[in-house]
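Dear colleague,

I am handing over the structure below, and my notes on it follow. Please read them with the coordinates open.

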Amino acid sequence: MELGQKLEILAAGARYDASCASSGSSRNAGAAGGLGSSTPAGVCHSFAGDGRCVSLLKLLYSNVCRYDCAYCLNRASNEAERCSFTAEELVRLTMSFYRRNYVEGLFLSSGVFSDPDIVMERLVEVARLLREREGFGGYIHLKAIPGCGEKLLRRAGLYADRLSANIELPTADSLARLAPDKSGAEILGAMRFIGDSCAEERADRGRIASTPRFAPAGQSTQLVVGASPEDDGRILGLAEGLYRRYGLRRVYYSAFVPVLPDPRLPGGAPPLLREHRLYQADWLLRFYGFRADELLDAAGPRLPADLDPKAAWALAHPAFFPVELSRAELPALLRVPGLGATSARRILATRRAGRLRAEDLPRMGLVMKRAKWFLSLYGRRLAEAPDQASLRALVADRPELAGAGADPAAAPAAEAEYAMRDLEAATPGLGPQAPGTRAKAAAAGTEGRPSGAPAGTASGGDRAAGAAAGGSARARDQLELAFP
Ligand code: SF4
């Protein structure tokens, strides 16, 4: 088969994998004769209109797969045209695309065409040739094939900037139903090994500067949203557990695309707005000190369609507001709808320099359109809050969708257990956490942990802590996740 034809088939086969945004790496070929750097040109954050990264040459090594995941174009039972690259072909393609400035790096995944060790070995060989023979310093993201040996994962991490093992589905039940050949144990085992290796490398680097880098951009994973019945609470609870336990850099949410008919799958795709709300909530988990159970307690089992998750939390916690601008700490400011991290830090910086005045606020670039309903200055509200229904309409970014977020088929919150526990319960040796891993995670610093607050704590000062302390069964589950 012609190389161009393979390229067409194997690029199409990879397009539904969303776990490929490149970030967090600063590799540079450096030495004379080398080529490429993973940082310049801003391509690390280039995304297509649908939110997927387009800056990498995104390919499958092979679309031949032994597995039969219901939601996947490449599944064994689909009569698609099959082909595979050779390592040399992939190296040639990557180098020529890079030289023409088409891409800034390579994202390489593969169908499971053979034993996981053999598949992983092929992916590692491509990365090795690029780094060692071609002197390629651009970004490389390799898929970790669950079930492969740890030695191969270690080698992969030494060549790649990022590794990702896709968990795909939020519970062991859904995995067994829709991806029966996959094993939660193997997927989480790969994540744990990668997370531990990243943490060890960072710890060693603190003592020995020449320690070889291991996946400097960390690891990510992808969750398919809407192919299985789990609600947003389960999905976010799992994501939070993955960030805290395995130090993931990113969880990507990919709205299910019905590419093949299958009685186990829903007939249609979920609204892309659901994916968008999950990304917003994920951002709050990582950078704003929120916990998954808080966001979902406020919104019910599904995030609301009309409001962003922070506004939904604010409306459900009127006692937390107004937040006093003259003395509130960063965690409380971060909970104000309409105030971002930059604005909150500007407020703190201005306060350090002198007394904060109302006329300073516009000059500081703060956008008060939504925030004013939730703030006070020296005891006076910036705007008198109207009744709840009117306030909801004022702070909603999609007011026409009010009431559209609830899913009557979703399980009641009190009955929901977090997906991570399902997976680990079905996975001997993975839960509770193996001795020593928690210490390593602590040594790993704050990767994957919301900034501005220690992991596992509510960050909004006393009142936020009070809200957390009033926790439900979900909250307790979440704490068990964070501190097993
Ligand atoms: S393992 Fe499953 S998701 Fe991956 S390529 Fe094969 S069928 Fe698709």
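**The parallel sheet**

Leu56 stands opposite Gly105 in β2, and this pairing belongs to β1 and strand β2 (residues 105-109), which pair in the parallel sense over five bridges. Before going further, please note that this is a predicted model, in which local features need pLDDT of at least 70 and side-chain atom pairs count only at pLDDT 80 or more, while totals for chains, interfaces and linings use all residues. Residues are numbered from 1 along each chain as its sequence is written. Helices (H or I, at least four residues) and strands (E, at least two) are DSSP runs, numbered from the N terminus, and two strands are said to pair if DSSP finds at least two bridges between them.

The two strands just mentioned are part of an open sheet of six strands, with the order β1-β2-β3-β4-β5-β6 and parallel pairing. β1 (56-60) and β6 stand at its edges with a single partner strand each, so one side of each is left without a neighbour in the sheet. From one strand to the next the twist averages 20°, where axes are lines fitted to C-alpha atoms, for helices over the stretch in contact, and angles run from 0 to 180 degrees between N-to-C directions.

Strand β5 deserves a closer look. Strand β4 (residues 162-164) runs parallel to β5 and is joined to it by two bridges, with Ser220 in β5 as the bridge partner of Ser164. On to strand β6 (residues 250-255), β5 is joined by six bridges, again in parallel, and here Val224 stands opposite Ser254 in β6. The chain crosses from β5 through helix α7 (residues 232-246) to β6 in a right-handed β-α-β crossover, meaning that, with the strands pointing away from the viewer, the path from the first strand over the helix to the second runs clockwise.

Is β5 enclosed or open? Seven of the seven residues of β5 (residues 219-225) are buried, so the strand is largely enclosed by the rest of the structure; a residue is buried if 20 or more other C-beta atoms lie within 10 Å of its own, exposed if 12 or fewer, and partly exposed in between, with C-beta atoms placed from the backbone. In a regular strand the side chains alternate between the two faces of the sheet. Both faces of β5 are covered, with Gln219, Thr221, Leu223 and Val225 buried on one side and Ser220, Gln222 and Val224 buried on the other.

**Helix α8 and the core**

α8 lies across β5 and β6, running at about 170° to β6. The helix (residues 272-287) has 16 residues and reaches 23 Å from its first C-alpha to its last, close to the 22 Å expected at 1.5 Å a residue, a span taken as 1.5 Å times one less than the number of residues. Its buried residues include Arg274, Glu275 and Arg277 as well as Leu278 and Ala281, and just after the helix Gly289 takes a positive phi of about 75°.

The largest nonpolar core (a set of buried Ala, Val, Leu, Ile, Met, Phe, Trp, Tyr and Cys residues joined through C-beta atoms within 7 Å) has 111 residues, of which Leu123, Ala127 and Ala156 touch the most other members. Helix α6 (residues 184-207) gives the most to this core, with eight residues. Ala156 is found in helix α4 (residues 150-159) and counts as buried because 25 C-beta neighbours lie inside 10 Å. Leaving out residues up to four places away in sequence, its contacts (C-beta atoms, placed from the backbone, within 7 Å) are Met120, Leu123, Val124, Ala127, Leu142, Ala144 and Leu163.

**Backbone points to check**

Most residues other than glycine have a negative phi, and most peptide bonds are trans. Glu168, in the loop between β4 and α5 (172-178), has a positive phi of about 65° although it is not a glycine, and with 23 C-beta neighbours inside 10 Å it counts as buried. Tyr378, in the loop between β8 and β9, has a positive phi near 50°, but with 12 C-beta neighbours inside 10 Å this residue counts as exposed. The peptide bond from Phe321 to Pro322 is cis, with omega near 0°, and Pro322 has its place in the loop between α10 (309-316) and β7.

With best regards

Definitions and conventions:
Contact = placed C-beta atoms within 7 Å.
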